[in-house]
Structures are given as structure tokens and as C-alpha cells.
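Open the model in your viewer and keep the selection tool at hand. Each stop below names something to select and says what is there.

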Amino acid sequence: MSDRATVEGQAIYSKKVLSIYDFWVLGVSNHYFWKCPTRNISNHFLDYVSHNHLDVGVGTGYYLKNYLPQTTRRIALLDMNRNSLSEAEKAIHSFQPEVYQADVLNMHDLCVEKFDSISINYLLHCLPGSFVEKSILFENLKKLLNDDGVLFGSTILGKDVEVNFFARKIMNIYNKKGIFCNFDDDFESLSKSLNEHFSNVEVKTIGCVALFSCKNKKNHI
Ligand SMILES: C[S@@+](CC[C@H](N)C(=O)[O-])C[C@H]1O[C@@H](n2cnc3c(N)ncnc32)[C@H](O)[C@@H]1O
């Protein structure tokens, strides 16, 4: 998959766009278009976040700023976009986050201590290609996860889901502009891809959003 397509998936996140992101995406779009009110994703985050956590594809850091436990021991942010990283870093400044700028599809090994949990909310539908191509991200992230660590997140599916007229229009525009790349993303291929890389895979859908969690496969010698 071309670097150009990868760049397009994150280039939209300027300071201006990030300033309306929570209102437009988490307030309006999740409720009216994707039919998955944000509280579902917040609850999912609360269910799986650990005290040693990495958030990937951070956006404004909404879930971190609202739901990161006060007892958090270590929190790290990873994103390709500098604006997203500084917005999220600002939002949780008091936790003194570690910050990593990297493309999840083209990541050289990050030499950092591993995490007990990793979240990837609304990242997969921004990445180019099918789930087979996107799953390079799973390959890269599982190296950063402790044995028994959990990877969880959410993504907007574009195939075999019911979407209303306005949602379909918006999805088409986003795909045309390279903001989304999810026309081939369906429940089956997401589950298959997660099962190839992880164990204890759970996937459910609310509206056209898939919420998933899975555990690292233990390394058998
Ligand atoms: C739609 S926002 C999600 C924000 C937040 N996680 C949420 O759920 O509200 C997608 C984020 O993923 C980042 N992103 C997109 N493609 C990326 C890539 N290839 N590598 C790393 N980050 C990427 C963007 O910069 C942006 O911050």
C-alpha cells in the first residue's frame, strides 16, 4: 500500500479540524450517522484500559482525558500526526505521557518497555487497504504488548452494515478524500484478521461500529 494513502489517512488532522473533532465526530457523527453513541466506546475503553497503557491514533485524546484512571502508572501516545500528539499530550499533561511519532503501518521497532493494554479507537478505518494490509498494524503492535496484555478498540465498518442515506453519503465522501478507507471492511474480515494475530478475540457491532478486544498470543518456545 502506498505511503501516499497512509499519509492521506492522517493529514486531515490539522489544529482546526481537531478543534471541532469531539463535537463533530464524537458528538454528532457517532450518534446520528454511525449509530453508536460515544458512551459505548467510552465504556469499552473503561473495561480494558490498564495502568500501563498505550493509545494509538490519539486524535484529541478524548477517551484518555475523560476516562484514564487517576491511578495510571504509565501512559504513552503514538500517532503519525504531530498535531494529534500535541493535542492529546496537552489534554493529559498531568500524567506526563511518553510520546511517539510513528506510522503504525511502517514502524521500526520501538525500543520501549511493553504495555499491559493498547487502544486503537477509530484508527483502522483511516488506514489504507483491506484488513489483510491493515493488519501489519497488529503485527507491529503485538510486539509492544505484554503476554496476556489486551489490545482493544473500535472501527467504523463500511461493508455489510446498515447505514442511513446521510451516513452513506458522508462515508462515500470520506473514502473519496482518503480520510476513510473502509469500503472493504466487514465484520468477518476484521474477526479473521484479529484471530490470526491474537487470542480471546471478541467483536461486537453497535450500528456500523465494531468494538473489539483480544489478548496477545503467548510465545511458546
Ligand atoms: C479518527 S482519529 C481517532 C482519534 C481517537 N482515537 C478517537 O477515537 O476519537 C485517527 C487518528 O489516527 C491517526 N493516524 C491515522 N493514520 C495513522 C497511521 N498510519 N499511523 C499512526 N497514526 C495514524 C491520525 O493522525 C488521528 O490522530
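The tour goes from the whole protein to the sheet, then to the ligand and a few single residues.

**Whole protein**

Start with everything shown as a cartoon. This is a predicted model. Its secondary structure comes to nine helices and seven strands. The radius of gyration is 16 Å, close to the 17 Å that the globule rule gives for 221 residues, so the protein is as compact as a globular protein of that length. Turn it along its principal axes: the C-alpha atoms fill a box of roughly 45 × 40 × 35 Å. Of the 221 residues, 42% are buried. Now consider contacts between residues at least 6 apart in sequence: 68% of them join residues at least 24 apart.

**Strand β4 and its partners**

Select residues 115-121, which form strand β4. Is this strand enclosed or open? Six of its seven residues are buried, so β4 is largely enclosed by the rest of the structure.

Add residues 52-56, strand β1. β1 and β4 run parallel and are joined by three bridges. Show L54 and I118 as sticks; L54 stands opposite I118 in this pairing.

Now add residues 145-156, strand β5. β4 and β5 are also parallel, with six bridges between them. Here I120 of β4 faces G153 of β5 as its opposite number.

Go back to β1 and add residues 74-79, strand β2. Five of the six residues in β2 are buried, leaving the strand mostly covered. β1 and β2 run parallel over five bridges. L54 has a bridge partner here too: A76 in β2.

**The antiparallel strands**

Select residues 209-216, strand β7. Seven of its eight residues are buried, so β7 is largely enclosed by the rest of the structure. β7 pairs with β5 in the antiparallel sense, over seven bridges. Find G153 again: it stands opposite F212 in β7.

Next, select residues 198-206, strand β6. β6 and β7 pair in the antiparallel sense, with seven bridges. S199 and K215 stand opposite each other. β6 and β7 form a hairpin with two residues between the strands. Click on G207 in that hairpin: its phi is positive, near 60°.

**The nonpolar core**

Which residues have the most contacts inside the largest nonpolar core? They are V56, I118 and L151, in a core of 54 residues. Center the view on I118. Leaving out residues up to four places away in sequence, I118 touches L54, V56, L141, L144, L145 and L151.

**Around the ligand**

Select the ligand and the shell around it. The shell has 20 residues, and G57, G59, N81, S84 and N121 come nearest. Sort the shell by type: 10 residues are nonpolar, eight polar and two charged. Which helix gives the most to this shell? Helix α1, residues 3-11, does, with three residues.

**Two residues with positive phi**

Most residues other than glycine have a negative phi. Two exceptions are worth a click. Y122 has a positive phi near 55°. Look for Y122 in the loop between β4 and α6 (131-134). With 20 other C-beta atoms within 10 Å, Y122 is buried.

N200 also has a positive phi, of about 50°. N200 lies in strand β6. With 13 other C-beta atoms within 10 Å, N200 counts as partly exposed.

**C181 and I20**

Select C181, in the loop between α8 (165-177) and α9 (187-197). Is C181 buried or exposed? It has 24 C-beta neighbours inside 10 Å, so C181 counts as buried. Draw a distance from C181 to S130. They are 51 residues apart in sequence, while their C-alpha atoms are 8.3 Å apart.

Finish at I20, in helix α2 (residues 15-33). I20 has 12 C-beta neighbours inside 10 Å, so I20 counts as exposed. Draw one last distance, from I20 to H44. These two residues are 24 apart along the chain, and 23 Å separates their C-alpha atoms.

How values were computed:
Residues are numbered from 1 along each chain as its sequence is written. This is a predicted model: local features need pLDDT of at least 70, side-chain atom pairs count only at pLDDT 80 or more; totals for chains, interfaces and linings use all residues. Helices (H or I, at least four residues) and strands (E, at least two) are DSSP runs, numbered from the N terminus. Two strands pair if DSSP finds at least two bridges between them. A nonpolar core is a set of buried Ala, Val, Leu, Ile, Met, Phe, Trp, Tyr and Cys residues joined through C-beta atoms within 7 Å. Two residues are in contact if their C-beta atoms, placed from the backbone, lie within 7 Å. A residue is near a molecule or strand if its C-beta atom, placed from the backbone, lies within 6 Å of it. Ala, Val, Leu, Ile, Met, Phe, Trp, Tyr, Cys and Pro count as nonpolar, Asp, Glu, Lys and Arg as charged, and the others, Gly among them, as polar. The radius of gyration is taken over C-alpha atoms; the globule rule is 2.2 Å times the number of residues to the power 0.38.
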